[in-house]
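Visitor: I would like to walk through a protein structure with you. Could you show it to me and take my questions one by one?

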Amino acid sequence: MYNSDIVFEENRYGKLNVLLVDDQSMVANSLATALLHNGFNVKVTDKIDEMKKIVNLEKVDVVIMEYAYKNGQGIEEIKNAKLKSKNAKIKFIVTSTDSRHEIKDNALNHQSDLFILKPVSIQDLSSEIKKIAKLEYRKSERVKCYIPFNVVKSGNNYDTFATDISVDGTHLLDNDKIISPKIGEEIELKFTIPKILEEVKCKGLVVRLSNNGFGLQFVDLEQITKNKIKLHIIQ
C-alpha cells in the first residue's frame, strides 16, 4: 500500500497528497493508515533521496517529517526540497515530542511551515494538514492582539499597541493622532514576540488610516520571523 514506486494520482477528487518522512516504519505506516481513512492520498518513505525525488516529480501538497528523522538531517533538506518541488506551494510540517523552543525555532529556521508537538490526535493533525495546504495566499491570516510597539517617525519615538497582526502587517493604535503618519510613509518598528520574548526590528509602510490608528505593511521582515509570528502569535 505504501510502495514508493506508486505515483500519486492526479488530484481529481480534491484529496490532498501527503508524504510521510520517517525512519520509524511501524509508526509511519500506522499514521499513514489513519490518514488514508481520513481521506488523504498518502505515501511513506524513510530515505532522504527518495523524499527529494518524490517532491521533485510528483504533486505533493504536504510533507510531514519527524524532527529527529535521520538525526536531524531531514530538516536540513527542506529548503532545497521546496526550491525544486513540482508544487510551488508545498508545505512542510515538522513533528516532535520535544517541546523546547529551540527545537521549534530550529525547525522554522530550516523553512518548515508548521511545528506540531506530539502526541497529536489524528483529527487535529488532519485539520492542520487541511488548513496549511489550503492557506489563502492573497491575504494573510490576521488575528486580534494587544502587543506593545515602539515606533520611530521623523526621529521621534512613540509607544503604542497593535490591535491585530499578520505575517504581512499590523494595525497600530493612534487614538490621539500623536504619531499621525501619512499613507506611503515608511517608519521604523520594534516589538517583542510573546511567549519567546524575542525582539523584532523592522520597517513598516503605512498603507491605510483609520479612526483609531493606522495599518502598516511590514517591509523587511525576514521569513524566519514571519514563521515565528505564525507559531507564537497567530496559532
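Visitor: Where is Pro119 found, and which residue does a cis peptide bond join to Pro119?

Guide: Before we start, keep in mind that this is a predicted model. Pro119 sits in the loop between β5 and α5. Most peptide bonds are trans. Here the bond is cis, with omega at about 5°, and the partner of Pro119 is Lys118.

Visitor: Lys118 is also named for the second largest pocket; which other residues are closest to the centre of that pocket?

Guide: The second largest pocket has a volume of about 260 Å³. It is lined by 17 residues. Besides Lys118, the closest to its centre are Val27, Leu31, Thr95 and Leu125.

Visitor: Which element gives the largest share of the lining of the second largest pocket?

Guide: Four elements each supply at least two residues of this lining: β1 (17–21), α1 (25–37), β3 (62–66) and α5 (122–133). By kind, the lining residues divide into 11 nonpolar, three polar and three charged. The largest share, four residues, comes from α1.

Visitor: Let us step back to the whole protein. How many helices and strands does the protein have?

Guide: The C-alpha atoms fill a box of roughly 65 × 35 × 30 Å along the principal axes. Within the chain, the count is six helices and 11 strands.

Visitor: What percentage of the residues in the protein are buried?

Guide: A residue counts as buried when its relative accessible area is under 20%. The accessible surface of the protein comes to about 12800 Å², and carbon and sulfur atoms hold 48% of that surface. Of the 235 residues, the buried share is 47%.

Visitor: Which element gives the largest share of the largest nonpolar core?

Guide: In soluble globular proteins, nonpolar side chains tend to be buried together. The largest nonpolar core here has 26 residues, and those with the most contacts inside it are Phe149, Ile165, Leu172, Leu189, Phe191 and Ile229. Two or more residues each come from β6 (143–153), β7 (156–165), β9 (186–193), β10 (198–210), β11 (213–218) and α6 (223–234). The largest share, five residues, is given by β6.

Visitor: Which residues does Phe149 contact, leaving aside neighbours within four places in sequence?

Guide: Contact asks for heavy atoms within 4.5 Å. The partners of Phe149 include Asp159, Thr160 and Lys190, along with Leu189 and Phe191. To complete the list, add Tyr158, Phe161, Ala162, Ile165, Thr170 and Leu172.

Visitor: How many residues are in the other core, the one that lies apart?

Guide: Among the members of that other core are Met65, Tyr67, Phe92 and Leu231. Its size is 22 residues.

Visitor: How many residues of α6 are buried?

Guide: The buried residues of α6 are Thr225, Asn227, Lys228, Ile229, Lys230, Leu231, His232, Ile233 and Ile234. They pack against α4, β5, β6, β7, β9 and β10. Out of 12 residues in this helix, the buried number is nine.

Visitor: Asn227 lies in α6; why does Asn227 count as buried?

Guide: The cut-off for buried is under 20% relative accessible area. Not counting residues up to four places away in sequence, Asn227 touches Leu108 and Ser112. Asn227 is buried because its relative accessible area is 3%.

Visitor: Leu108 belongs to helix α4; which elements do the buried residues of α4 pack against?

Guide: Helix α4 covers residues 101–109, and its buried residues are Ile103, Lys104, Asp105, Ala107 and Leu108. These buried residues pack against β4 (91–96), β5 (114–117) and α6.

Visitor: Gln111 comes just after α4; is Gln111 buried, partly exposed or exposed?

Guide: Most residues other than glycine have a negative phi. Gln111, in the loop between α4 and β5, has a positive phi near 70°. With 29% relative accessibility, Gln111 is partly exposed.

Visitor: Lys195 has a positive phi too; is Lys195 buried or exposed?

Guide: Lys195 is in the loop between β9 and β10, and its phi is near 75°. Exposed means over 50% relative accessible area. Lys195 has 59% relative accessibility, so it counts as exposed.

Key
Residues numbered from 1 in each chain as written. Predicted model: local features only at pLDDT ≥ 70, side-chain atom pairs only at ≥ 80, totals over all residues. Heavy atoms only, no water. 1 Å grid on protein atoms, 1.4 Å probe; cavity = no way out; pocket = protein on both sides within 12 Å on 5 of 7 lines; lining within 4 Å. Points joined across faces, edges and corners; volume = space filled by probe spheres on them. Nonpolar A, V, L, I, M, F, W, Y, C, P; charged D, E, K, R; others polar. Buried < 20%, exposed > 50% of the residue type's maximum accessible area, 1.4 Å probe, protein only. Areas by Shrake-Rupley, 256 points an atom, 1.4 Å probe, with all protein chains shown as cover. Core = buried A, V, L, I, M, F, W, Y, C linked by side-chain atoms within 4.5 Å.
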